[in-house]
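Student: Could you take me through one part of this protein slowly, strand by strand? I'd like to see how the pieces around it fit together before we wander anywhere else.

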Amino acid sequence: MLKQFIFPFFLFFIFDLSAQQDIYLNNETYTYEETIQIYKNFAEKFPKKTTYMEKGSSDFGLPMSLFLMSEKGDFSKETIQSQHVILINNGIHPGEPCGVDACIKLCREYLNGKIPKNVIIAIIPIYNIGGAHNRNCCSRANQNGPVEYGFRGNAKNLDLNRDFIKTDSKNTRAFQAIFHYLKPAVFVDTHTSNGADYQHSMTLITSQLNKMNPALAQFTENTLNPYLYKSMEDDFPMVPYMHTFKETPVDGIIDFLETPRYSTGYTNLFNTISYVTEAHMLKPYPVRVEATYQFLTHLIQFMTDYPEEIKAARNKAQEELLQQEYLHLNWQLDTTVFDTIPFKGYQAVYKPSAVTGKERLFYDHKQPYEKHIRYYNHYVASDSVKIPTYYILPKAWSYFILDLSNNQIPHYSLAADQMLTVDSYEILDYTTTSSPYEGHYLHSNIQTNTVSHERLFRKGDIVIPVRNEALRFIMETLEPRAVDSYFAWNYFDAILQQKEWFSAYVFEDEAAEMLKKDAQLTADFEAMKASDSSFASNSFAQLYYLYKRSPNYEPSVNLYPVAKTYENLDEILLLR
Ligand SMILES: [Zn+2]
């Protein structure tokens, strides 16, 4: 009853676009339905400047919404892809809705005033649709408002900001379709921080510069970032995200390494300049929304003022990418190198805990300080791989075709059976998480051996050319040692299990025969026994050692099925 009574007043409010009494000022955030209705109303009232569309679906079952706005209002695919697009993603963590409310304010102000030139503003109003429907008062235990908000997990309890490579959710498929439709120059994912307390209301994750193409990294570091930090200085002085080196910021902070599983790690694979805004969790909600709003307006202003500079940096990055001989895959922090940055903190103080009796940390607001702190922001590549001309994916693994198509990766089918000289990987070793991580038992520390050999490929096997604008996505997913490879995310686990075994009493005679005939094998076997006492006392281990060297042992175990070649296969007839 109450709802029916309230509803007409609510409708009046959201249709009144000149209203300035955004609900965030009252420590509230819009529900999913209210948010989408507001964008539909914008599109209805300003059809020459905006459009609202639905692209793809979500695990919750509702479509993914996309709102576009520009001064010229031309949203043909050609115009979109030839212009500067900024894509803003809100509510991937619906408990952190600053961006949801900031973008509504931003649209309202632009539409009732002036829309900046030279830029198409694209907004995903709320990305985690399932989480946004799971509203509650309290799941962000350390956050200061709003009074009610959505939940971090989506309808399948996935953290969508870990899903951009493994693609377990429909939301991610929708995002990939939107991203490749827009080909944005700039991407922003809006969040609220966790962790330390300090004076700053806004912190920023810039896509990690060392793993970025050098031309784009230089432009971001020397031109765009200084502009953004300076623009924010008066109202919301900004610092990099406080990923602390030790317990508190005063001991320094570490540049956040967003691997491809994260939204900005993914978008940056395609040379899109990418940011995560992290408004500070303990600041009042209106302050967090304002800080997010200000950051977005400054970034859009930069895009309006310097469209050619952004285009030139991205074009150079793309050209250089195609000329590279090697691709760096995995990265490690170099703790011997750091910058110092000005920082406004609160003194960290320790006192006995009333709960545990142990020492506890608190940040004393009566002791604010300003000092320079260390910013460890230098990562070095710990692995690199020579860029092949093609990967070849046996058609048995064709469920990746959806991922290839969704990410607009060119791929072909072999027209006939074909022997090819390729490199294949043997998986030698890896570490696996002992409990599930985002629905997977993620592998890491993957060790491989490369085998160059002739391999028979079948008609219909999938051939993927590498030297194109998706080069980094292709290699980050198909090189098994890469931190977010499909192998790491368990998609090739079937190859890690031996299928045939032996009965020891039957194999005994064959093993004895093998040793009799092969002096080298016998020498190796005896050396192994001499050097390893547990091996020397374990008869099964000894027989298994010999079994693995016998013709009975299967060659497919631990053989990574995706092959690669450095040869030119243009002569081979390929079917699309
Ligand atoms: Zn977040």
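The tutor's reply starts with a covered strand and its partners, then moves outward.

Tutor: Sure, let's zoom in on β9, bearing in mind that this is a predicted model. Strand β9 covers residues 273-279, and seven of its seven residues are buried. Look at how the side chains split: I273, Y275, T277 and A279 point one way, while S274, V276 and E278 point the other way, and all of them are buried. That fits the general rule that in a regular strand the side chains alternate between the two faces of the sheet. So here neither set of side chains is left exposed, as all seven count as buried.

Now for the neighbours. β5 pairs with β9 in the parallel sense, over seven bridges. Strand β6 (residues 202-206) also joins β9, this time running antiparallel, through five bridges. E278 is a handy place to park the view: E278 is the bridge partner of H191, and E278 is also the bridge partner of T203.

Slide along to T192, which sits in strand β5 (residues 186-192). T192 has a relative accessibility of 1%, and therefore counts as buried, the cut-off being under 20%. Who covers it? Leaving out residues up to four places away in sequence, T192 touches E96, C98, R140, Q143, E278, A279, H280, M281 and R288. Two of those names, E278 and A279, you've already met in β9, where they point opposite ways.

R288, another residue that T192 touches, takes us on to helix α9, which covers residues 285-305. With 21 residues at 1.5 Å a residue, α9 should span 30 Å, and its end C-alpha atoms are 30 Å apart, so the two values agree. The helix is mostly covered too, with 16 of its 21 residues buried.

A few backbone oddities are worth a click while you're in there. Most residues other than glycine have a negative phi, and most peptide bonds are trans. The peptide bond from G145 to P146 is cis, with omega near 0 degrees, and P146 is in the loop between α5 (129-133) and α6 (170-182). N157 is found in the loop between α5 and α6 as well, and has a positive phi, near 60 degrees. At 57% relative accessibility, N157 counts as exposed, because the cut-off is over 50%. E438 also has a positive phi, about 50 degrees, without being a glycine. E438 lies in the loop between β18 (418-432) and β19 (443-457), yet its relative accessible area of 18% means that E438 is buried.

For another bit of sheet, try the open one that runs β8-β13-β12, three strands with mixed pairing. Its edge strands are β8 (253-254) and β12 (339-352), each pairing on one side only. β12 runs antiparallel to strand β13 (residues 359-376), with 14 bridges between them; one pair to look for is A348 and its bridge partner Y363 in β13.

Finally, zoom out. The protein chain holds 16 helices and 22 strands, and its C-alpha trace spans about 90 × 65 × 55 Å along the principal axes. Of its 576 residues, 54% count as buried. Among contacts between residues at least 6 apart in sequence, 79% join residues at least 24 apart.

Methods:
Residues are numbered from 1 along each chain as its sequence is written. This is a predicted model: local features need pLDDT of at least 70, side-chain atom pairs count only at pLDDT 80 or more; totals for chains, interfaces and linings use all residues. Side-chain values use heavy atoms; hydrogens and water are left out. Helices (H or I, at least four residues) and strands (E, at least two) are DSSP runs, numbered from the N terminus. Buried means under 20% relative accessible area, exposed over 50%, partly exposed in between (1.4 Å probe, protein chains only). Contact means heavy atoms within 4.5 Å. Two strands pair if DSSP finds at least two bridges between them. The expected span of a helix is 1.5 Å times one less than its number of residues.
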